[in-house]
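Visitor: Could you take me slowly through a single part of this model, and then set that part beside the domains and the interface between chains? I would like each geometric term to come with its cut-off.

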Amino acid sequence: MSTEDLQPKDTSPEFSKRRVVLFGKDTDSIIKGFFGCTATVAIVVLFLITLFLIKEGSGFVGQYQTSLKQYRLSGLEYVDILKERREDHTALMQYLSDIKAEWINLLKKEGLTQQAIFKKVMSPESKAVFLGYSRTSSDLRRFIKDKMDAAIEIRDQQITNDNLQETLNNYAKKITEVEDYSFKLSEEDRAEFILKLKEKVRAQSFDADKLETSKGLIEGLKSGVALDTKSREIYLSLLRDEFLATENRIQPVIFEKSILKVTNEQQRYFEILNTLEADMKAILLKSDSIELDNNNLESRMERFKELNALFFTSIPEHKTQIKEWDQNAAVPLSKSLSSFLTGKDWITASDQQDWYGILPLLCGSLIISFVALCIAVPLGVGAAIYTNQISSPLEQNLIKPYIEFISAVPSVVIGFFGVVVLGEAMRGLSQLEFLAWVPFFPIQERLNTLTAGCLLALMAIPTIYTLAEDAINNIPKHLKEASLAIGATPLQTTFRVIVPSALSGIISAIMLGFGRVIGETMVVLLCAGNRIKIPEFSDGLGVFFQPVHTMTGIIAQEMGEVVRGSVHYRALFMVGIVLFIASLIINVSAQYVVKKYNKMDS
Amino acid sequence: MKSDTNKQTTHLFSQRFSRNKVMELSITGILRFFTYLVIVLAGYLFLDITYNGSKAVFTKEAPFVNFQFLTEKPQTLHVFEPADIDTQLKSAKAEILTKSIKRRALSNSNYEAAEAFTLAIKDLNKEVKELDDLRKERRLMFSDTEYRALATTPSTKDFVYSTYAYSGGGIGPAIIGTILLVFGSILIALTLGVLCAVYLSEYSKPGKVLQSIRLSILNLSGVPSIVFGLFGFGLFVLYLDWGVSLMAGWFTLALMALPVIITASEESMRAIPKGFREGSLALGASKWTCIRTNVLPYAMPGILTSSIMGIARVAGETAPIMFTAAFALRDRLPWEGLENSTDFFFQGVMALPYHIYVVSSKIPQNEYTQNMQYGTAFVFLLIVGLFALSSIILRVKVRKKYDW
């Protein structure tokens with residue numbers, strides 16, 4: 001060994017490289033900062049979504065309140081109260097004509113000829129009842145129509161005024177802008193200026209001297225000359241003219257006065273109601289003379305009379321309601337929110353009053369989710385139990401990826417399949433003769449709750465399956481082994497040991513499946529039938545064959561055609577917020593269920 | 001004697017059919033039935049779309065792929081059906097209808113007469129089928145460009161003329177639009193998502209804040225896609241005034257995929273054992289070197305899986321692009337007729353999912369429109385399915401490879 005070897009080598013050590021320092025930070029903290037920045041950006045942007053939704057949606061409450069105020073001030077609300085009786089009367093008429101139709105059907109079944117039926121149904125007595133009844137309300141209808149027109153006129157005038165006021169404000173803003181000497185014409189202004197000048201020249205509204213200058217000005221403006229003092233004056237005078245003209249077009253609505261056009265003639269209205277009542281009573285007396293010769297029909301006729309009696313008793317109340325109606329009653333802010341959350345109508349772009357009530361959409365979403373979950377839960381959970389506990393490993397290796405693959409099928413493809421295949425198949429099935437005994441068959445609409453529900457079930461199954469299978473898979477082996485060791489059969493083990501211990505996981509899987517179903521858009525947009533109405537639960541099971549509309553569907557359908565910032569636009573954002581909150585609640589509670597279970601286990 | 005033979009076969013451990021056994025078997029049967037029901041139903045959907053869609057996409061002759069359908073722009077279809085055959089068909093069908101009504105009327109009373117009607121209807125049905133074949137042979141179909149190029153249009157005396165929107169041509173721009181949308185958005189989402197995940201899992205200090213951020217990101221991944229669409233429409237299209245454009249679509253889709261990618265990438269990074277990091281740090285590596293050499297390579301398969309799943313999700317969504325990026329019809333390809341290069345980012349495109357929505361809701365279903373409908377759905381399903389399949393296969397492989 002030589003001493004040379006012990007000498008330190010001349011090579012520089014590994015760590016000799018100096019650290020790069022920028023702004024007092026070394027590379028590592030710069031990299032950390034970079035990651036931190038991107039993470040912040042991503043997270044902030046994600047939270048922005050929440051903020052933006054709330055920002056756009058929150059304006060709804062105020063705007064809807066204004067709209068409701070106008071509804072009251074213009075007397076449309078008053079007219080709607082008037083309309084209630086008319087609607088009731090129409091319903092009664094409908095009932096009566098149903099009786100008539102049934103009567104004709106019965107007569108046909110009895111084998112009478114067309115002429116004999118006609119003779120019976122069109123006999124003077126029955127004609128007086130059936131036709132006479134529908135004629136009783138003609139005065140009422142005419143009266144209400146007049147009042148409605150008056151109210152709509154007031155409302156429209158108010159809206160025109162609002163629009164004009166906005167134009168006026170724009171002009172005022174422009175004038176102050178132009179008065180400032182640093183003002184420069186933008187391309188848009190230039191075009192507008194030329195247009196207005198040309199109009200004036202054509203209308204010969206200038207004196208000869210000015211006419212010449214303005215003609216010169218037009219040429220100058222076209223070639224892009226900047227504004228000088230003189231032309232500025234001309235521009236200003238033009239703008240002021242416009243301002244005055246617009247101001248003159250505004251005819252302020254004095255609601256206290258104009259409302260009289262709607263609310264006058266109350267006495268006449270009461271008289272109309274009284275004659276209506278008297279006429280109806282007279283006709284009802286006559287109705288005994290019709291020989292229906294059928295117990296069922298006669299009992300329906302009795303029921304009709306009872307309904308009429310109800311109608312009569314409601315009239316005095318109606319009268320006081322009309323008398324007490326107050327145009328100036330306050331519309332509190334909470335009213336607009338509550339009428340959104342509990343409103344039963346979603347009517348947009350109507351000539352009377354737009355209503356934004358979420359109930360029909362919420363009901364539609366819930367009923368479709370209910371149908372979907374009814375199908376998806378047994379199938380999804382059953383398949384999960386089967387693959388994890390019963391099936392052979394080969395089956396397991398095939399089925400698991402297959403069902404996972406289903407979850408990747410785009411929703412629009414499933415919706416398309418529903419329109420083209422399932423909807424048609426369902427209608428075909430319901431029209432088969434040997435299935436005629438099933439109530440509600442044949443179905444009227446091929447696209448209804450059931451169609452959409454079945455397809456959504458197909459979308460929810462993979463979610464439920466995958467999560468439930470995971471939950472079952474995570475059950476400790478020793479539980480199963482202990483159960484088998486004390487002599488339980490495999491199936492007993494599965495249902496009494498494994499499923500109960502995986503229950504929280506399965507429940508959270510079902511909840512997440514629900515979350516997926518309620519947020520699905522394309523399938524419901526294509527296959528739910530899109531009728532905005534609260535489903536009639538009085539139909540029993542028939543409710544599943546009605547077309548509905550959903551929260552997601554309404555956003556997708558109407559978002560494309562709304563004006564930014566309008567009440568409608570904001571109402572759709574409110575629906576979005578409701579969806580957002582619903583999905584958050586579902587997710588959080590699913591996590592809560594799992595967490596609680598885990599604590600119990602440890 | 002009979003009881004004797006029975007006794008011989010039943011020994012102590014032989015299978016006996018008790019009530020419990022039957023119960024078990026039937027429950028197993030029900031569960032198996034459920035599982036296979038799901039498989040069969042989904043299989044029917046796949047087969048139906050594949051079978052009908054392949055008629056549009058594949059051809060019987062040489063190249064076997066209908067490139068026209070895959071590359072051309074969608075057009076209106078002009079159909080000329082031979083008038084004489086059309087009237088014959090109509091009368092034959094009317095005949096069948098009247099005969100079947102008559103038969104129903106005397107179905108029970110006069111058996112022989114009813115039988116005669118049935119035979120007549122059978123004959124008529126055969127005739128209708130022949131006529132139909134003839135009609136298919138003699139009818140003329142033109143796409144918009146072909147129709148305009150015609151020197152003389154077929155006379156309306158000999159032909160019944162009808163048009164079907166969107167049903168002619170192909171889906172080229174829609175395929176290109178979808179690819180552009182998916183790649184742009186996934187680029188944005190992956191960059192932001194992976195960087196964010198690295199920070200969250202490696203640099204951030206564990207605590208309540210981190211926990212709540214993680215939880216809220218997880219919750220955001222469950223928010224319905226239409227809400228993202230609403231947000232994108234409000235912010236990008238209206239507020240930032242980008243209009244219906246590729247940019248707006250990219251950002252909307254990216255934001256939708258972001259929570260999924262962050263959560264999945266972070267999870268796959270956290271799954272790497274602590275020892276990997278500690279080993280490299282103990283050797284004096286800096287934090288970044290440790291992440292670069294000992295964390296990211298092992299997390300990469302997991303990130304890749306999640307990102308491919310993200311692609312499948314992004315490509316499959318319709319609701320977010322309905323108002324932000326998609327046009328129902330646009331006859332220019334994205335790179336055609338651009339004045340400025342920035343215009344490329346601010347133009348709307350056609351997209352496959354939106355095209356499916358349009359052709360399945362806006363036009364009637366019949367033999368002429370079916371090709372377009374099924375063809376689009378098939379191509380779309382194929383593209384999304386390939387992504388999803390590769391992600392599933394990758395995941396299975398990764399699970400086997402890295403099992404610590």
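Guide: In chain B, three strands make up an open sheet whose order is S2-S1-S3 and whose pairing is antiparallel, where strands (E, at least two residues) and helices (H or I, at least four) are DSSP runs numbered from the N terminus, and two strands pair if DSSP finds at least two bridges between them. This is a predicted model, in which local features need pLDDT of at least 70 and side-chain atom pairs count only at pLDDT 80 or more, whereas totals for chains, interfaces and linings use all residues. Residues are numbered from 1 along each chain as its sequence is written, and chains are lettered from A and ligands numbered from 1 in the order in which they are written.

The edges of the sheet are strand S2 (140-143) and strand S3 (159-169) of chain B, each of which pairs on one side only, and the average twist from one strand to the next is 20°; axes here are lines fitted to C-alpha atoms, for helices over the stretch in contact, with angles from 0 to 180 degrees between N-to-C directions. Four bridges join strand S1 (residues 74-82) of chain B to S2(B) in the antiparallel sense, and Leu77(B) has Ser143(B) as its bridge partner in S2(B). Across S1 and S3 of chain B lies helix H14 (residues 367-401) of chain B, which runs at about 10° to S3(B).

The domain assignment (bounds taken from an automatic or database assignment) divides chain B into domain 1 (75-168) and domain 2 (172-401). Their C-alpha centres are 48 Å apart, and the contact between them takes six residues from domain 1 of chain B and six from domain 2 of chain B, two residues being in contact if their C-beta atoms, placed from the backbone, lie within 7 Å. On the side of domain 1 of chain B that touches domain 2 of chain B, S1 and S3 of chain B each supply at least two residues, and S3(B) gives the largest share, four residues. That side of domain 1 of chain B divides into five nonpolar residues, one polar and no charged, with Ala, Val, Leu, Ile, Met, Phe, Trp, Tyr, Cys and Pro counted as nonpolar, Asp, Glu, Lys and Arg as charged, and the others, Gly among them, as polar.

Turning to the other chain, chain A is divided into domain 1 (21-62), domain 2 (74-180 + 247-327) and domain 3 (376-550), and the C-alpha centres of domain 2 of chain A and domain 3 of chain A are separated by 46 Å. Between the chains, 66 residues of chain A are in contact with 67 residues of chain B. Several helices of chain A give two or more residues to the side that touches chain B, among them helix H2 (27-73) and helix H24 (567-601), and H2(A) gives the most, with 16 residues. That side of chain A divides into 47 nonpolar, 14 polar and five charged residues.

One residue of chain A deserves a separate look: Glu520(A) lies in the loop between helix H21 (503-518) and H22 of chain A. Glu520(A) is buried because 29 other C-beta atoms lie within 10 Å, the class being buried at 20 or more such atoms, exposed at 12 or fewer, and partly exposed in between. Leaving aside neighbours within four places in sequence, Glu520(A) is in contact with Ser411(A), Leu456(A), Met459(A) and Thr552(A), and its C-alpha atom is separated by 8.6 Å from that of Gly553(A), 33 residues apart along the chain.
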